[in-house]
Amino acid sequence: MSNVENILAHPVRETVVPAPRPKITAEGAGVRFGSVTAVEDFTTTIREREFVSIIGPSGCGKSTMLYAIAGFLKTTSGVLKVDGEPIVKPGPNRGIVFQEFVLFPWRTVLRNITLGPEIAGLPRAEAEERARKWIRLTGLGGFEDAYPATLSGGMKQRVAIARALTCEPDILLLDEPFGALDVQTKNYVMKDLQDLWIAASKTILMVTHSVQEATLMADRVLILGARPSRIVADVKIDLPHPRDPADPRLGQYRQEVTAILSAEVDRSMKIERSR
Ligand SMILES: Nc1ncnc2c1ncn2[C@@H]1O[C@H](COP(=O)(O)OP(=O)(O)OP(=O)(O)O)[C@@H](O)[C@H]1O
């Protein structure tokens, strides 16, 4: 058999890599508080293992949308789903981390982290085993028996991240997770979070005020407009991870996002003043 005949007889089989599945789907999702419409039309699809950041003018509804996805708030219009199911309440597939850590001061690091699995009814030994895994992965080894008051801000935030991950959620929701940290600590925790995201294959949705944080970490930056808000831009940050903050291409993305955001902040101020 000639080479050509051989190739024709044994065609190369194409390896089809399945596209990442949608994890969070929003179609015209909105949230109203009485007469205040916080979010009017939030439409996007966030796929598994994506890192997406939400940024926008103050009060435009970033946290509101995050809490709706967490299941703490109900949408008042449109459709909001996780794994194809409408979101009706919080669930173990979503972990959330707040700006202010929210740790229990009377519980040690280990006991703060085992809290979720304990509430979910896991035997203590299994809860501890899971907690120890995330303690290791978040660089908290050796601090299992420490109390929150004795920890630095960066360590407290790592405890909060480990606690959110101990229930093994597919989705991690972060509400300005670095807002309470000083610049040096923030840089360390951001680097750790990037490494963790790469290693743990989670879907991450992060609300932030910082263009630098959003462009450094996210695959896509969703920019919300003035309230009642909708997504005015969906900027794909097409750079491999982990990223170097000094990369000039990152600088260009920062400029692009800042220009759109500044226009929305101006518009938001004008609207608020005319209310
Ligand atoms: N529980 C609530 N009851 C009434 N109004 C609310 C409630 N929560 C939020 N709001 C209003 O909804 C709007 C959006 O608030 P939200 O906190 O989501 O904005 P944000 O973009 O996260 O703000 P910031 O960037 O300042 O943290 C604001 O006008 C806020 O006052």
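User: Where is glutamate 176 found?

Analyst: Glutamate 176 sits in the loop between strand 7 (171-175) and helix 6 (183-200). The model is a predicted one.

User: Why is glutamate 176 called partly exposed?

Analyst: The count of other C-beta atoms within 10 Å decides: 20 or more makes a residue buried, and 12 or fewer makes it exposed. Glutamate 176 has 19. That value falls in between, so glutamate 176 is partly exposed.

User: What is the phi of glutamate 176?

Analyst: The phi of glutamate 176 is near 45°, a positive value in a residue other than glycine. Most residues other than glycine have a negative phi.

User: Which loop holds arginine 49, and what is its phi?

Analyst: Arginine 49 is in the loop between strand 2 and strand 3. Its phi is positive too, near 70°.

User: How do you know whether arginine 49 is buried, partly exposed or exposed?

Analyst: Arginine 49 has 17 C-beta neighbours inside 10 Å. Buried needs 20 or more, and exposed needs 12 or fewer. Arginine 49 meets neither condition, so it counts as partly exposed.

User: What makes isoleucine 204 buried?

Analyst: Isoleucine 204 has 24 C-beta neighbours inside 10 Å. The cut-off for buried is 20 or more, so isoleucine 204 passes it. Isoleucine 204 belongs to strand 8. Leaving aside neighbours within four places in sequence, its contacts are Phe51, Leu172, Leu174 and Trp197.

User: How far apart are the C-alpha atoms of isoleucine 204 and isoleucine 46?

Analyst: They are separated by 9.0 Å, although the two residues are 158 residues apart along the chain. For the whole protein chain, consider contacts between residues at least 6 apart in sequence: 70% of them join residues at least 24 apart.

User: How do you know that strand 3 and strand 8 pair?

Analyst: Pairing requires at least two bridges between the strands. Strand 3 (residues 51-55) and strand 8 (residues 203-207) have four, in the parallel sense, so they pair. One of the links joins isoleucine 54 to valine 207, its bridge partner in strand 8.

User: What makes strand 2 a partner of both strand 1 and strand 10?

Analyst: With strand 1 (residues 22-33), strand 2 forms eight bridges in the antiparallel sense. With strand 10 (residues 229-236), strand 2 forms two bridges in the parallel sense. The requirement is at least two, so both counts satisfy it. Alanine 26 has threonine 44 in strand 2 as its bridge partner, while valine 39 stands opposite serine 229 in strand 10. Two residues lie between strand 1 and strand 2 in their hairpin, where glycine 34 has a positive phi near 55°.

User: What is the strand order of the open sheet, and why are strand 5 and strand 6 said to stand at the edges?

Analyst: The order is 5-4-1-2-10-9-3-8-7-6, with mixed pairing among 10 strands. Strand 5 (85-86) and strand 6 (94-97) each have a single partner strand, so one side of each has no neighbour in the sheet.

User: Which residues touch the most other members of the largest nonpolar core?

Analyst: They are Ile69, Leu173 and Leu205, out of 69 residues in that core. Helix 5 (residues 153-165) gives the largest share of this core, seven residues. Beyond its neighbours within four places in sequence, leucine 205 is in contact with eight residues named here in part, including Ile24, Ile46, Val52 and Leu66.

User: Which residues surround the ligand, and how do they divide by type?

Analyst: Phe33, Val36, Ala38, Gly56, Ser58, Gly59, Cys60, Gly61, Lys62, Ser63, Thr64 and Arg227 surround the ligand. The division is four nonpolar, six polar and two charged. Glycine is counted as polar here, and Lys and Arg as charged. Helix 2 supplies the largest share of the shell, three residues.

User: What kind of peptide bond runs from histidine 241 to proline 242?

Analyst: That bond is cis, with omega near -10°. Most peptide bonds are trans. Proline 242 lies in the loop between strand 10 and helix 8 (248-274).

Key: Residues numbered from 1 in each chain as written. Predicted model: local features only at pLDDT ≥ 70, side-chain atom pairs only at ≥ 80, totals over all residues. Near = placed C-beta within 6 Å. Contact = placed C-beta atoms within 7 Å. Core = buried A, V, L, I, M, F, W, Y, C linked by C-beta atoms within 7 Å.
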